[in-house]
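Q: Please take a close look at the strands of this model and how they are arranged into sheets. I would like one connected account, with the side-chain detail that goes with it.

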Amino acid sequence: DQNAVALASPSLDISETDSAYRLQLDLPGIAKEAVKIRIDGRRISIDAEQAQAVELPEGERALLRERSATRFSRSLVLPQEVKQSDSSAKLENGVLTLTLVKRQRDDAGELTVS
């Protein structure tokens with residue numbers, strides 16, 4: 001099927017600081033508008049679709065076609081919940097970088113009696 005979309009699992013690096021996780025994924029040829037990121041507690045889902053190969057102009061024939069439409073999908077569960085409102089995503093030179101801020105447990109403290 002010419003219109004079939006290959007499903008790829010992008011390469012992924014994860015690092016962390018005390019306050020955030022940093023994820024980097026290779027998404028070659030992907031426009032930032034085509035990337036969907038879903039955060040649900042500790043679960044992170046990333047989906048992106050590469051555009052279909054461009055139609056050839058009249059009179060031009062393909063000798064080789066390896067660049068088919070590809071859908072990238074990756075889902076993972078992090079050790080700690082993520083705060084979506086403080087997190088960010090950036091796509092640059094085919095690399096998607098997610099900075100996911102860890103949800104801090106409420107600090108223990110004293111309650112004032114009124």
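A: Two strands are taken as paired if DSSP finds at least two bridges between them. The model is a predicted one. On that basis, one open sheet holds four strands in the order 1-6-5-4, and its pairing is mixed. Its edges are strand 1 (6-8) and strand 4 (35-40); each has a single partner strand, so one side of each is left without a neighbour in the sheet. From one strand to the next, the twist averages 15 degrees.

Within this sheet, strand 4 and strand 5 run antiparallel and are joined by six bridges. Arg38 stands opposite Ser45 of strand 5. The hairpin that these strands make has two residues between the strands, and in it Gly41 takes a positive phi near 70 degrees.

Strand 5 (residues 43-49) also pairs with strand 6 (residues 70-77), in the antiparallel sense and over seven bridges. Two positions can be named along this pairing. Ile46 has Arg74 of strand 6 as its bridge partner, and Asp47 stands opposite Ser73 in strand 6.

Ser73 and Arg74 come up again in the surroundings of Pro10. Pro10 is placed in the loop between strand 1 and strand 2 (12-16). Leaving aside residues up to four places away in sequence, Pro10 touches Leu25, Asp26, Leu27, Phe72, Ser73 and Arg74. Its C-alpha atom is separated by 6.7 Å from that of Leu27, although the two residues are 17 apart along the chain. The relative accessible area of Pro10 is 4%, and the cut-off for buried is under 20%, so Pro10 is buried.

The other sheet is also open. Four strands form it in the order 2-3-8-7, with antiparallel pairing. Here strand 2 and strand 7 (82-92) stand at the edges with a single partner strand each, so one side of each has no neighbour in the sheet. The twist in this sheet averages 15 degrees from one strand to the next.

Strand 2 and strand 3 (residues 20-26) run antiparallel and are joined by five bridges. One of the positions in this pairing is Glu16, whose bridge partner in strand 3 is Tyr21. The ring of Tyr21 has the charged end of Lys102 over it, 4.7 Å from the ring centre. As for ring-to-ring pairs, the count of aromatic pairs comes to zero.

On the edge strand at the other end of the order, Ser87 offers a second position to examine. Ser87 lies in strand 7. At 17% relative accessibility, against a cut-off of under 20%, Ser87 counts as buried. Its side chain has polar contacts with the backbone of two residues. A polar atom of the Ser87 side chain lies 2.8 Å from the backbone oxygen of Lys83, and a polar atom of that side chain lies 3.0 Å from the backbone nitrogen of Val101. Val101 also appears among the residues that Ser87 touches, which are Val82, Thr99, Leu100 and Val101 when residues up to four places away in sequence are not counted.

Terms used:
Residues numbered from 1 in each chain as written. Predicted model: local features only at pLDDT ≥ 70, side-chain atom pairs only at ≥ 80, totals over all residues. Heavy atoms only, no water. Axes fitted to C-alpha atoms, helices over the stretch in contact; angles between N-to-C directions. Buried < 20%, exposed > 50% of the residue type's maximum accessible area, 1.4 Å probe, protein only. Contact = heavy atoms within 4.5 Å. Phe/Tyr/Trp six-rings, centres within 6.5 Å; stacked < 30°, edge-to-face > 60°. Lys NZ or Arg CZ within 6 Å of the ring centre and 35° of its normal. Polar contact = N/O pair within 3.5 Å; in protein donor to acceptor, adjacent residues only side chain to side chain.
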